[in-house]
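Please open the model in your viewer and keep the selection panel at hand. The stops below go from one selection to the next, with a short account of what is there.

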Amino acid sequence: MQDAFGRTISYLRLSVTDRCDFRCWYCLPRSHRDFAKQRDWLQADEIERLVTIFAQLGVRHVRLTGGEPLTRRDIVDISGRVRRVPGIDELSLSSNASQLARLAAPLAASGVSRLNISLDTLNPQRFFELTGGELAPVLAGIEAARDAGFSLIKINMVMLRDVNDDELVPMVEYCRERGLALRFIETMPIGSGGIEANQHYISLKVIEERLHHHYRLQPAAIRGSGPARYLQVEDSDLVVGFITPQSQHFCDKCNRIRLSAIGALHLCLNSENPLSLRDMVRGGADDLAIKAAILKSMAFKPERHTFDQPETHTIRPMSALGG
């Protein structure tokens, strides 16, 4: 499956809910109430069918996202169904880890191999100000994930100037002591919260320069399915990744598409007019018709995002797009 620019699409980010038990203000503003009704979410059998179709079209990696995917009661059933689809070589999951203490072991047993965990601060008060939630359950969830035997656990830290950019060294040391990978992420102006957060934008070039003052860094051998560029901290196993959607976009290497919780196929975080696969499924379309619609839609995947053009800012919150 290729788009009009010759990029091979092999990675599906699959949202199972647009709801979350946290309210990180750059992702899901606390004033937001426009959530999808649960009856409109893709059900487990519909997810399994669509993932099977995507696998037949060449998707090899599925990441379960949200909102917060662990708020969905049947998440372990869903993960098991997806992992058993022929052709899916890797199943990963993104989480805020608030409920991971009780779900880490079942998720690992169901076939989830990798975790991405959002953690922007190690300061409990700052964590509450950013998310509206408590830090302690998150840290407990991370420890449970370490015990559950996932092949890789990545900590994602969204960098916000004058908010958490003073925590670089503490976060590096936290991850190094626990065998976790660490990725720094630039803000993206998606939704009203993202546009507000962009006022705290800081280029990861600045972050990398600061890290060089404290650590010796060298290119790392790690390669992921996504856009991160990795460095390794010398004399340790710690790898540090940099995801730079604004300062150095990576659209020419984009290999992903997104399916929202209501079955809307988004070709780019920044694109509008998604294709409703849920409506096709519930309208009785057969697999051949769904495949044809997906392949036809690939012609409309944009060459790159347009975050740098304010008039094209996406209004939907990040939680509604699959992260």
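For this tour, a residue is called exposed when its relative accessible area is over 50%, and buried when that area is under 20%. Bear in mind throughout that the model is predicted.

Begin with the whole chain, in which 54% of the 323 residues count as buried, and colour it by secondary structure to bring out 10 helices and 12 strands. If contacts are displayed between residues at least 6 apart in sequence, 73% of them join residues at least 24 apart.

Next, select F54, V62, F184, L211 and I294, which are the residues with the most contacts inside the largest nonpolar core, a set of 92 residues. Adding helix α1, residues 44–56, shows the element that gives the most to this core, with 7 residues.

Now centre the view on I294 and hide its neighbours within four places in sequence; the residues that remain in contact with I294 are M1, I53, F54, L57, L265, L275 and L277.

From there, extend the selection to helix α10, residues 287–297, where I290, A293, I294 and S297 are buried. Looking down the axis of α10, you will find that these buried residues fall within an arc of 100°, so they line one face of the helix. Turn to the face directed away from that buried side, and the exposed residues L288 and K296 come into view. What lies over the buried residues of α10? The cover includes α1, β11 (264–266), β12 (275–276) and α9 (277–282).

Move on to the helix pairs, beginning with α2, residues 75–83, and α3: their axes come within 8 Å and cross at roughly 20°, which makes α2 roughly parallel to α3. To see the contact itself, show I75, V76, S79, G80 and R83 of α2 together with L103, P106, L107 and S110 of α3. The crossing of α2 with α3 is right-handed.

Keep α3, residues 100–110, on display and add α5, residues 136–148; these two helices pack at an angle of about 20°, with their axes 8 Å apart, and are therefore roughly parallel to each other. On the α3 side the contact is made by L100, A101, A104, A105 and A108, and on the α5 side by A140, G141, A144, A145 and A148. As a last check, orient the view to follow how α3 crosses α5, which is in a right-handed sense.

How values were computed. Residues numbered from 1 in each chain as written. Predicted model: local features only at pLDDT ≥ 70, side-chain atom pairs only at ≥ 80, totals over all residues. Heavy atoms only, no water. Core = buried A, V, L, I, M, F, W, Y, C linked by side-chain atoms within 4.5 Å. Buried < 20%, exposed > 50% of the residue type's maximum accessible area, 1.4 Å probe, protein only. Helix = DSSP H or I, 4+ residues; strand = E, 2+ residues; numbered from the N terminus. Contact = heavy atoms within 4.5 Å. Arc of directions from axis to C-beta. Axes fitted to C-alpha atoms, helices over the stretch in contact; angles between N-to-C directions. Parallel < 35°, antiparallel > 145°, perpendicular 65-115°, else oblique. Left-handed = near helix turned anticlockwise from the far one by under 90°.
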